[in-house]
Amino acid sequence: MSGRVVVFTGPSGVGKGTLLRAVLADHPDVYLSISATTRNPRAGEIEGHHYYFMEPDAFQDLVKCGDLLEWAEFAGNCYGTPRKPIQEQVDQGRLVILEIELEGARQVRKSYPEAQQIFVLPPSLEELESRIRARGQDEEAAIQKRLAKASIEIDAADEFDLQIVNDDLKVAVRQLKDALFSPDQTDEAKAQNPPVAGIAS
Ligand code: ADP
Ligand code: 5GP
């Protein structure tokens, strides 16, 4: 049986990691891709679990060798998806989730055009900023870069198959689970409620 790829995108701080943790807690069979990055680890982040942390030269070697399915620069650091584990996990029949930013999502459309693409929106830009700050793990300069990127990413939300507004966490988790595991139900919901264009008001 062949698996499938899901691309999961949304501005930094919108709650992507929080939503995915909730899904993985109930569906440990889902494979969450582990990216390579040149960013420094945050407190509590574990090498080989949250990311493969590496120097810029080592990252460029991966790029040159074609070992990355996609990669992009985000807020001053490089991030990329190792190609081999994705195909291996798909071949084993697993649902593979790539939690990546907009440029990477666009690249994946070329190699996995059938991949489901989901975008997470914040209820407002003010709430997004307060979530990034409440997380308390980024320097002020990094917060500013992430907020500047957020508006660009939100403007591209309607390129995605489905938009989920992460306002009430429980509701958003339910919508994500429906999208991943009961896509027919999601199609019905989309027909009744056409996709949110841009940010929720
Ligand atoms: P991302 O992975 O998109 O960068 P995180 O999952 O790290 O975002 O979430 C950023 C912050 O927002 C965390 O402190 C998290 O607890 C909080 N958060 C996530 N979802 C919600 C929500 N629905 N309501 C309020 N706070 C949330
Ligand atoms: P963070 O530094 O907050 O962990 O991640 C910053 C941004 O990089 C987030 O939007 C996250 O989704 C994205 N990201 C993480 N891994 C990858 C990756 O492998 N490729 C791309 N293109 N973006 C990634």
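The following conversation concerns the surroundings of ligand 2 and one sheet in a predicted model.

Trainee: Which residues come nearest to ligand 2?
Mentor: Ser35, Arg39, Tyr51, Tyr79 and Glu99 do, out of 17 residues around the ligand, where a residue is near if one of its heavy atoms lies within 4 Å.

Trainee: How is that shell divided by class?
Mentor: Seven of its residues are charged, five are polar and five are nonpolar. Asp, Glu, Lys and Arg count as charged, Ala, Val, Leu, Ile, Met, Phe, Trp, Tyr, Cys and Pro as nonpolar, and the others, Gly among them, as polar.

Trainee: How far is the side chain of Arg39 from an oxygen atom of ligand 2?
Mentor: An N or O atom of that Arg39 side chain is 2.6 Å away from the oxygen. Tyr51 also has a polar side-chain atom 2.6 Å from a ligand 2 oxygen, and for Arg42 the distance is 2.9 Å.

Trainee: And how much of ligand 2 does the protein cover?
Mentor: Of the 510 Å² accessible on the ligand alone, 96% is covered (Shrake-Rupley method, 1.4 Å probe).

Trainee: Changing topic, in what order do the five strands of the open sheet run?
Mentor: The order is β2-β7-β1-β8-β9, with parallel pairing; strands pair if DSSP finds at least two bridges between them, and a strand is a DSSP run (E) of at least two residues. At the edges are β2 (31-32) and β9 (162-165).

Trainee: What stands opposite Leu32?
Mentor: Ile97 in β7 does.

Trainee: Any conventions to note?
Mentor: Residues are numbered from 1 along each chain as its sequence is written, and chains are lettered from A and ligands numbered from 1 in the order written. Local features need pLDDT of at least 70 and side-chain atom pairs 80 or more, while totals for chains, interfaces and linings use all residues, and side-chain values use heavy atoms, leaving out hydrogens and water.

Methods:
Polar contact = N/O pair within 3.5 Å; in protein donor to acceptor, adjacent residues only side chain to side chain. Helix = DSSP H or I, 4+ residues; strand = E, 2+ residues; numbered from the N terminus.
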